[in-house]
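This report goes through one chain from its interior outwards, and is meant to be read beside the coordinates. Please keep the sequence at hand while following the residue numbers.

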Amino acid sequence: MKASEVREMTNEELTAKLKDLKAELFNLRFQLAINQLDNPMRISAVKKDIARVKTVLRENELKAEA
């Protein structure tokens with residue numbers, strides 16, 4: 001997911017996406033613990049996506065205050 005794609009989303013879509021990404025990260029960590037994870041790089045990609053979403057949410061929050 002690119003940052004430009006994230007910036008086009010509304011706050012409601014971003015919070016829903018954040019919830020989905022956190023659930024996916026939980027599942028990936030669980031698969032890693034029981035040695036069923038096919039692509040371990042997916043964990044870092046999901047973490048980066050979570051950070052992108054949180055960054056855009058914070059930017060929107062700061063814009064609303066200003």
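In this predicted model, a convenient place to begin is Ile50, which, once its neighbours within four places in sequence are set aside, is in contact with Leu18, Leu21, Lys22 and Leu25. Ile50 is also one of the four residues, together with Leu14, Val46 and Val53, that touch the most other members of the largest nonpolar core, a set of 13 residues. Helix 2, spanning 11–33, and helix 3, spanning 41–65, each supply at least two residues of this core, and helix 3 gives the most to it, with six residues. As a general background to such a grouping, nonpolar side chains in soluble globular proteins tend to be buried together.

**Overall form**

The chain contains three helices and zero strands, and its pattern, read along the sequence, is α-α-α. Its radius of gyration is 14 Å, well over the 11 Å that the globule rule gives for 66 residues, so the chain is more spread out than a compact globule. Taken along the principal axes, the box filled by the C-alpha atoms is roughly 50 × 15 × 15 Å.

How much of the chain counts as buried? Of the 66 residues, the buried share is 21%, while the area that the chain exposes is about 5000 Å², with carbon and sulfur atoms supplying 53% of that area. Among the contacts in the chain with a separation of 6 or more, 64% are accounted for by residues 24 or more positions apart. As for charge, the chain carries 13 positive and 11 negative side chains, and the centres of these two sets lie 6 Å apart.

**Residues of helix 3**

Asp49 has its place in helix 3, and because its relative accessibility of 7% falls under the 20% limit, Asp49 counts as buried. Leaving out residues up to four places away in sequence, Asp49 touches Met1 and Leu21.

Arg52 also lies in helix 3, but with 31% relative accessibility Arg52 counts as partly exposed. Apart from its neighbours within four places in sequence, Arg52 is in contact with Met1, Ala3 and Val6. Met1 therefore appears in the contact list of Asp49 as well as in that of Arg52. The C-alpha atoms of Arg52 and Met1 are 8.9 Å apart in space, although the two residues are 51 residues apart in sequence.

Ala51, likewise placed in helix 3, counts as partly exposed at 39% relative accessibility.

**Helix 2 and the loop that follows**

Thr15 is found in helix 2, and at 43% relative accessibility Thr15 counts as partly exposed. Leu32 lies in helix 2 too, and Leu32 is likewise partly exposed, at 43% relative accessibility. When residues up to four places away in sequence are not counted, Leu32 touches Leu37 and Ile43.

Where is Asn35 found? Asn35 is in the loop between helix 2 and helix 3, and its backbone has a positive phi of about 60° although Asn35 is not a glycine. Asn35 counts as exposed, because its relative accessibility of 70% is over the 50% limit.

**Separations along the chain and in space**

The table sets separation in sequence beside C-alpha distance for several pairs, including those that involve residues described above.

| Pair | Separation in sequence | C-alpha to C-alpha distance |
|---|---|---|
| Arg52 and Met1 | 51 residues | 8.9 Å |
| Leu32 and Ile43 | 11 residues | 9.3 Å |
| Ala51 and Glu61 | 10 residues | 15 Å |
| Thr15 and Leu32 | 17 residues | 26 Å |

Two of these pairs can be read against the contact lists. Leu32 and Ile43, with 9.3 Å between their C-alpha atoms, are in contact, and Arg52 and Met1, at 8.9 Å, are in contact as well. In the pair formed by Thr15 and Leu32, the C-alpha atoms are separated by 26 Å, with Thr15 in helix 2 and Leu32 also in helix 2.

How values were computed
Residues numbered from 1 in each chain as written. Predicted model: local features only at pLDDT ≥ 70, side-chain atom pairs only at ≥ 80, totals over all residues. Heavy atoms only, no water. Core = buried A, V, L, I, M, F, W, Y, C linked by side-chain atoms within 4.5 Å. Buried < 20%, exposed > 50% of the residue type's maximum accessible area, 1.4 Å probe, protein only. Helix = DSSP H or I, 4+ residues; strand = E, 2+ residues; numbered from the N terminus. Contact = heavy atoms within 4.5 Å. Rg over C-alpha atoms; globule rule 2.2 N^0.38 Å. Areas by Shrake-Rupley, 256 points an atom, 1.4 Å probe, with all protein chains shown as cover. Lys, Arg positive; Asp, Glu negative; His and termini not counted. Charge placed at Lys NZ, Arg CZ, Asp CG, Glu CD.
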